[in-house]
Amino acid sequence: MKECIYCKRPKPVEDFTLEHVIPQCLGGAYAPDKFKTRDVCGQCNNNLGLFVDASFEKNWFVSQFFREAAYALFDPAKPVGLPLTPMGSSDLMPPELQEDDVCESWLGPLGEQVYWIRPKDARLYWYVGGNPRTTKKVETRAYFQFSERSTKNALLSWLTFRDAFEGRRVRKIMCTIVDGADPADIGFAPPDRLDAARIEFFRTACSGEQTRKNSLAIYTRYDVRFMAKLALGVGYSLFGEKILSTDYTAELQKALWHREGEQLPDIQGTTDLAGHFDQLFKDVTGHQYAVTLLILPSKEGVAVNLNLGSKMNWIVKCASLENLDAADIEPIKDGVVIILYKYLQRGFTMTLPEFIAYKGGMIDHNDLATINNHIGKHSEYFKNL
Ligand SMILES: [Zn+2]
């Protein structure tokens, strides 16, 4: 038997699975191996991934950062499907829409329209795309329509439609007639009677100049459990078992299981929404279209700063200095920066002085320079389509 670092329950050793303490949605698979652990039970790995990591990833602003990164790293010479942008629930009432269904509106990279009809979930209202468990279990239907701009690069629309809603049980229906191509080739279903009525509806309602209303919901504490989990995992990866018995770690564990409406545990840090970071700070701790984590010790403890593309920033204390000695701090004493590019499947680690020197143009980093050149190269591509 051993104890899981997240739920603290003793479980048989065979119940433990590989956990990326820097979640895969941030590119954690490309972080140093030190930040992968087998001291998390399979149940926590699965449930916290589905709900806590997803709560963060599926927040509109966070998911928008990852969409922008995918577009910025897009290479027209090697076209891939791009993520759709969620526009919230639409006021459209397609035929046979049930009372507990929502008609969610999504936009493709060239203005393609997608309407996904799925069950409403009052409890997880801020999860873009709904409850991650329901979307795996219940079959839903989505209707896809090309835009006028699709003709400029029909392959891009085609690949985007192919990859849309991957891993969810969605019956995908094409509303546009595509000459010389069969939507069945990219996983679309032949329309039945209901689909035929809805295709007609979307073709009529979603063309021309009509105005529609969409609503988007945001939960302001969507990141509390996520940041507690990240802090707990990073602290444990750096210092091991000795930090598990501190009062501060107990607060992080409480925060990890926090429920809406409950009093917040005593976590030291601040969120992106709290707005305590000025742009200069975000520029220093981040890097364009990258996820960066800065681990830095101070008199107060060890902090983790999470930054998304110099746009969004969080800071949280991951360990108090109680139980730690100089030898524990030595490897991170100057600060460690982990730079992750999920879409490029790359990750880099450097010290904070190296990172600052690199950003100030004082030292070179060939791999990062290659990535930066790539990002700049196609920035005008979508504007001209
Ligand atoms: Zn557990």
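**Exercises on a two-domain predicted model**

Val 80 is partly exposed, because 14 other C-beta atoms lie within 10 Å. The model is a predicted one, and the exercises below start from this residue.

**Exercise 1.** Determine where Val 80 is found and how far its C-alpha atom is from that of Ser 157.

*Solution.* Begin with the secondary structure: Val 80 belongs to the loop that connects helix H2 (60-72) with strand E5 (85-90). Next, classify its surroundings. A residue is buried at 20 or more other C-beta atoms within 10 Å and exposed at 12 or fewer; the count of 14 for Val 80 therefore makes this residue partly exposed. Finally, turn to Ser 157, which is 77 residues away from Val 80 along the chain. The separation of their C-alpha atoms is 9.6 Å.

**Exercise 2.** Establish whether the protein chain is as compact as a globular protein of its length, and describe its overall make-up.

*Solution.* First, list the elements: the protein chain has 11 helices and 16 strands. Second, compare the radius of gyration with the globule rule. The value is 23 Å, close to the 21 Å given by the rule for 385 residues, so the chain is as compact as a globular protein of that length. Third, consider the extent: the C-alpha atoms fill a box of roughly 70 × 50 × 40 Å along the principal axes. Fourth, consider the interior: 37% of the 385 residues are buried. Lastly, among contacts with a separation of 6 or more, 64% are between residues 24 or more positions apart.

**Exercise 3.** Describe the six-stranded sheet that contains E7 and E8, and the helix that lies across these strands.

*Solution.* Start with the strand order, E9-E8-E7-E6-E5-E10, which forms an open sheet with mixed pairing. The edges are strand E9 (170-174) and strand E10 (214-215), each of which pairs on one side only. Then examine one pair: strand E7 (residues 113-119) and strand E8 (residues 140-145) run antiparallel and are joined by five bridges. Within this region, Trp 116 stands opposite Ala 142 of E8. To finish, add helix H5 (residues 193-205), which lies across E7, E8 and E9 and runs at about 40° to E8.

**Exercise 4.** Identify the domains and characterise the contact between them.

*Solution.* The domain assignment gives domain 1 (2-58 + 221-377) and domain 2 (81-215). Their C-alpha centres are 34 Å apart. At the contact, five residues of domain 1 meet six residues of domain 2. On the side of domain 1 that touches domain 2, the classes are three nonpolar, one polar and one charged residues.

Definitions and conventions: Residues are numbered from 1 along each chain as its sequence is written. This is a predicted model: local features need pLDDT of at least 70, side-chain atom pairs count only at pLDDT 80 or more; totals for chains, interfaces and linings use all residues. Helices (H or I, at least four residues) and strands (E, at least two) are DSSP runs, numbered from the N terminus. The radius of gyration is taken over C-alpha atoms; the globule rule is 2.2 Å times the number of residues to the power 0.38. Two residues are in contact if their C-beta atoms, placed from the backbone, lie within 7 Å. Two strands pair if DSSP finds at least two bridges between them. Axes are lines fitted to C-alpha atoms, for helices over the stretch in contact, and angles run from 0 to 180 degrees between N-to-C directions. Domain bounds come from an automatic or database domain assignment. Ala, Val, Leu, Ile, Met, Phe, Trp, Tyr, Cys and Pro count as nonpolar, Asp, Glu, Lys and Arg as charged, and the others, Gly among them, as polar.
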